[in-house]
Amino acid sequence: MIHQILDGVSLSESSLVLDVGCGTGNNTILLASTEQARVIGLDISHGMLQKAYEKQSQIPFVQAPADCIPFATESVDFVFMTEVLHHLPDIPATFHEICRILKSSESFCIVTQSHKQIDQRMTSRFFPASAEIDKERYPDIDVIDELLFKAGFSVVNPKEYTYNPVQLGVEYLETVTKRGFSMLHKISKEDYEKGLEDLRKAFQQSEVLMYSADYSFV
Ligand SMILES: C[S@@+](CC[C@H](N)C(=O)[O-])C[C@H]1O[C@@H](n2cnc3c(N)ncnc32)[C@H](O)[C@@H]1O
C-alpha cells in the first residue's frame, strides 16, 4: 500500500510527511523506513498513539483531531490518510485543514473504498447490513472529488488498486468473532449472529474463502 500511496510523489530528506489518523503507526513506521523524509503520525486517540510509540519511539506522534492540526500553514510536503475518512465528524473541515497545512502544489493521498469496493468485501457477503451502513459512512469517490475541489485542491486523480487474492484463514474468523471491524459494531445483534454462524459454517465445511482487497487512492 505504501508504494501506491507514494505513486507520483517525490520526497527528499527535508520533506515533511504527515500520516493523519495514523492509528498504531503501521503505515507511518513503514513509510519512515523506506523514505529519507521526516515523518510524523497524528491521531485523535491517545491509546492508538501509545501503541504506535511502543513500536517506534524515534517517530514523533501527535495527538490532535484531523480538522484542527497543530501545524503552521504551508508547512507540510505530503499528507496521507488510510482508512480514516469514514471516522471523521467533519470531512469538509478536515480537507480545508489539510489544504491549509500543505505547501502549495504539494500533495495529499486518501486511501479509502468506493461503494462498489464495499459491496465486494468478504464482510459484506456474510454481513450484508454492514455494507449498507458503510455506504453511508464512506463518501463515494465522486463526492470525495467534489469536496477536495471545494477545499481548494486543484487536481484530483482517483485510482483503484486490487491486491493479490489471499485465502482468509482462522485469523479472519477470530477478528470477526471479536468484532474487530468497526462496521460490525453498527449492525443489529441478529444480523451479526446470523453472519457469524454462516461464516463458522463456511469454515467447518472447509470452503476456500479467497479475497482480493480492493482500495481507492484519491
Ligand atoms: C481504521 S483506523 C486506521 C489507522 C491507520 N491509518 C491504518 O491504516 O492502519 C482509523 C484511525 O483514525 C483515527 N481517527 C478517528 N477520528 C479521527 C479524527 N477526527 N482525527 C484524527 N484521527 C481520527 C482513529 O483513532 C483510528 O486510529
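**Exercise 1. Across which strands does helix α3 lie, and at what angle does α3 run to β3?**

Solution. In this predicted model, helix α3 comprises residues 46–55. Helix α3 lies across β2 and β3, and its direction makes about 170° with β3. A second helix, α4 (residues 91–101), packs on the sheet as well. Helix α4 touches β1, β4 (76–82) and β5 (102–112), and makes an angle of about 140° with the direction of β5.

**Exercise 2. State the strand order of the open sheet and identify its edge strands.**

Solution. Step one: the sheet has seven strands in the order β3-β2-β1-β4-β5-β9-β6, and the pairing is mixed. Step two: β3 (61–63) and β6 (159–162) each pair on one side only, and they are the edge strands. Step three: on average, neighbouring strands of this sheet are turned by 20° against each other, with direction ignored.

**Exercise 3. In which sense do β1 and β2 pair, and over how many bridges?**

Solution. As background, the strands of a sheet pair through backbone hydrogen bonds, in either a parallel or an antiparallel sense. Strand β1 covers residues 16–20 and strand β2 covers residues 38–43; their pairing is parallel, over five bridges. To locate one bridge, take Asp 19: its partner in β2 is Gly 41.

**Exercise 4. Classify the packing of α4 against α8 and describe the contact.**

Solution. Step one: the axes of α4 and α8 (residues 141–151) are 9 Å apart and form an angle of about 50°. Step two: this angle lies outside the range under 35 degrees that counts as roughly parallel and outside the 65 to 115 range for roughly perpendicular, so α4 and α8 are oblique to each other. Step three: their crossing is right-handed. Step four: from α4, Ile 91, Pro 92, Phe 95, His 96 and Cys 99 meet Leu 147, Leu 148, Lys 150 and Ala 151 of α8. The residues of this contact comprise seven nonpolar, one polar and one charged.

**Exercise 5. Classify the packing of α9 against α10 in the same manner.**

Solution. Step one: α9 (residues 170–177) and α10 (residues 189–204) pack at about 165°, with axes 11 Å apart. Step two: angles over 145 degrees count as roughly antiparallel, and α9 and α10 are therefore roughly antiparallel to each other. Step three: the crossing of α9 and α10 is left-handed. Step four: Leu 173, Val 176 and Thr 177 of α9 meet Leu 196, Leu 199 and Phe 203 of α10. The contact has five nonpolar residues, one polar and no charged.

**Exercise 6. How many residues surround the ligand, and which are the closest?**

Solution. The ligand is surrounded by 16 residues, of which Gly 21, Gly 23, Ser 45, Ala 66 and His 87 are the closest. By class, the shell consists of seven nonpolar, seven polar and two charged residues.

Note on methods:
Residues are numbered from 1 along each chain as its sequence is written. This is a predicted model: local features need pLDDT of at least 70, side-chain atom pairs count only at pLDDT 80 or more; totals for chains, interfaces and linings use all residues. A residue is near a molecule or strand if its C-beta atom, placed from the backbone, lies within 6 Å of it. Ala, Val, Leu, Ile, Met, Phe, Trp, Tyr, Cys and Pro count as nonpolar, Asp, Glu, Lys and Arg as charged, and the others, Gly among them, as polar. Two strands pair if DSSP finds at least two bridges between them. Helices (H or I, at least four residues) and strands (E, at least two) are DSSP runs, numbered from the N terminus. Axes are lines fitted to C-alpha atoms, for helices over the stretch in contact, and angles run from 0 to 180 degrees between N-to-C directions. Two residues are in contact if their C-beta atoms, placed from the backbone, lie within 7 Å. A crossing is left-handed if the near helix is turned anticlockwise from the far one by less than a right angle, and right-handed if clockwise.
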